[in-house]
Each structure stands twice: as structure tokens, then as C-alpha cells.
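Please walk me through this structure. Start with how a charge can meet a ring, then move on to the sheet, the cores and the aromatic pairs.

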Amino acid sequence: MQGTTQAVPNSTGSAPPKLAAPAKTADCHIHIYDARYPYSGNFVQNSTVADYRLLQKRIGVERVVIVTPRCYGTDNTVTTDAIKELGINNARGVGVLRPTVTDAELRQLNDAGIRGIRFTVGDPKTAVVSIDMIEPLAKRIAEYGWHIQLNMPCDKIVEHAAMLRRLPTPVVFDHLGHPTIEEGVRHPSHAVILGMLEARRAWVKVSGAYMNTHVGPPSYADATLVAQALVKAAPERCVWGSDWPHPSPKVPPDDAILFDLMSVWAPDAAVRNRILVTNPQSLYGFPP
């Protein structure tokens, strides 16, 4: 699906990508920040469903996975309402929960389109959840076929590798697994991730190039080396995401450039189609 020229909030530029998105392409990592919903802490500029629809037009993507931002704590209403607005055939969600969640709440979230829970555990001062919650919650969500999504520093991936390998759920690593920019694929966490991918115990999001680079656009050459290694090792376990509205950088990246990286990270069209279309169907349960 060819994108269109379209200015989008929280995105630099307005030109469409050079790469045409295959039909049913899924953007597997975005956040909705909507001031109509109570929040605390770090709130990114309003980034609503209406705003995201403009990005869909620009990039040419049809499906989306919405990840609850930490400023909403464990209230996933902003995400489940966005899924409802976008339509559950084309939208799924990843929530944030603590072990106090009830069985009834899990059932309601599953019906609302939630398919995993995310752990952002880099800074204990701002974290909503903690590493010790991962295994107890994994046991609770396994019956729904959900996954554990990790926004975890690479040294913690190595430290807790044994626990991650024994989880009863799949594990999804955010943004290339966040290896140190200097070490990239040489960091020990990369081997942990590769082993779990090859054992079909994990997935990885080939996304967030602008967070894993010193080189920057348009090539993001250092992040590209990591992405290419992951795609080469396990193309059947990779999914792509834009990370819109880009809560990390002060100046948002150009989303067309980010999408065009897929032609470099996965130059074979069949592999690229798998990452953009088929793999999200498997991981998130989109209709084929």
C-alpha cells in the first residue's frame, strides 16, 4: 500500500516512504497519549488515534499494536479504547499490569484486544513494574496465549537469562534488544536473544533505530548492523514497529526514513513481507 504526502504530529517530514507497504502491514509498536485520560509523570505531547491515522496514511500501514505508556501506570483504558476506535480486526494492544490484577480483569483485557504485557524496568525510580513481577504474571497470562514484552537494559537481559528462558510465555524484546551502541551484536545480550529466537521462545521488534545509534539518519548504520543480524538469524521471529510518537528524542525522527530502513534490513521482498504481515498475524492474532 503506497503512502501519501502527509504531515503528522510528532513526526519529522511529510513525504511518503520510497518503500510501498504490503497489504495488511502491521506497525507493531506505537503509543497513544491522550490528555482526556488521567495520567502522571512523563506525558508526551498529545498523540491521539486521529493523529496516528495520519501516520497510517503517510506510511501506508493498516494494522497496529498499541503499547500502554508508563504515565498511565496500570490503567490500560487509553489503549483498549484506542483498539475499539481503530477496530479489533486491525488493532491489538500490549498492557502494563501488576500481579494484583484479577482474573476477571485479565478476561476483560483479553476480550478488548490485549495480547501481552510490557515491562519497562530500566530505572527503578520511574518504573511502574519490576523484574520480580515477570514470572508470576507470565504464569497468569499463559492460558490466554499472551506474551511478555521487555523494555529491559541489555545487562539485565544477561543477568536474568535463565528466568526468561523458563517462562511459560513467549518473550518479545523491544527495539533490537537495546544492546549498547558501542558493542552492538558483540554484547552478550545479543547471544541470549539469538538463542531464544532460534529456540522459538522469543520474538524481537526490529524498531527504534534512532535509540540505538550514534550514526543517525538516514542510514542508522550501527543500528542497521544489529537489525540485519537479527533478520538474518530468525526472519520468522521478527516484527516491525515505528515507535510513534517517539517519546525518547527531543526532535522526532522522520517516519518515512525509518520505514525505508526495512528495504535495507530485509532486502528480500518475501522476508520483508513475513516481518511486516505474516509474523504479526502469528504473534498478535490478526486475521490472515
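A charge sits over a ring if NZ of Lys or CZ of Arg is within 6 Å of the ring centre and within 35 degrees of the ring normal. This predicted model holds such a case. The charged end of R237 sits over the ring of W203. The distance to the ring centre is 4.1 Å.

Now take the sheet. Eight strands form it, and the sheet is open. Their order is 1-2-3-4-5-6-7-8, and the pairing is parallel. Strand 1 and strand 8 stand at the edges. Each has a single partner strand, so one side of each is left without a neighbour in the sheet. From one strand to the next, the twist averages 25°.

Look at one pairing in detail. Strand 3 covers residues 91–95, and strand 4 covers residues 114–120. The two run parallel and are joined by three bridges. V94 has G116 in strand 4 as its bridge partner. A helix packs here too. Helix 4, residues 134–141, packs on the sheet and touches strand 4 and strand 5 (147–151). The direction of helix 4 makes about 150° with that of strand 5.

Stay with G116 for a moment. Is G116 buried or exposed? Its relative accessible area is 0%, and buried means under 20%, so G116 is buried. Not counting residues up to four places away in sequence, G116 touches G93, V94, G95, W146 and H147. The C-alpha atoms of G116 and V67 are separated by 9.2 Å, although these residues are 49 apart along the chain.

T79 lies in helix 2, residues 77–86. T79 is also buried, with a relative accessible area of 0%. Which residues does T79 contact, leaving aside its neighbours within four places in sequence? They are I66, V67, T68, G93 and I114.

Next come the cores. In soluble globular proteins, nonpolar side chains tend to be buried together. Here the largest nonpolar core has 81 residues. F119 and F173 have the most contacts inside that core. Leaving aside neighbours within four places in sequence, F173 is in contact with L150, I157, L164, I193, M196, A202, W203, V204 and K205. W203 is thus a familiar name: its ring lies under the charged end of R237. Another core lies apart from the largest one. This other core has eleven residues, among them V65, V94, V172 and Y284.

The aromatic pairs come last. How many are there? The count comes to six. One of them joins Y33 and F43. Their ring centres are 5.7 Å apart and their planes stand at 85°. Over 60 degrees counts as edge-to-face, so that is what this pair is. Both residues lie in the loop between strand 1 (26–30) and helix 1 (49–59), so the pair ties together parts that are ten residues apart in sequence. Y33 is buried, with a relative accessible area of 6%.

A further pair joins Y52 and W244. Their ring centres are 5.5 Å apart and their planes stand at 50°, so the pair is tilted. Y52 lies in helix 1. W244 lies in the loop between strand 8 (238–240) and helix 9 (255–260). The pair therefore ties together parts that are 192 residues apart in sequence. Y52 and W244 are buried. Finally, Y33 and F43 appear once more: together with Y39, they form one aromatic cluster.

How values were computed: Residues are numbered from 1 along each chain as its sequence is written. This is a predicted model: local features need pLDDT of at least 70, side-chain atom pairs count only at pLDDT 80 or more; totals for chains, interfaces and linings use all residues. Side-chain values use heavy atoms; hydrogens and water are left out. Rings of Phe, Tyr and Trp (its six-membered ring) pair if their centres lie within 6.5 Å; planes under 30 degrees apart count as stacked, over 60 as edge-to-face and the rest as tilted. Helices (H or I, at least four residues) and strands (E, at least two) are DSSP runs, numbered from the N terminus. Buried means under 20% relative accessible area, exposed over 50%, partly exposed in between (1.4 Å probe, protein chains only). Two strands pair if DSSP finds at least two bridges between them. Axes are lines fitted to C-alpha atoms, for helices over the stretch in contact, and angles run from 0 to 180 degrees between N-to-C directions. Contact means heavy atoms within 4.5 Å. A nonpolar core is a set of buried Ala, Val, Leu, Ile, Met, Phe, Trp, Tyr and Cys residues joined through side-chain atoms within 4.5 Å.
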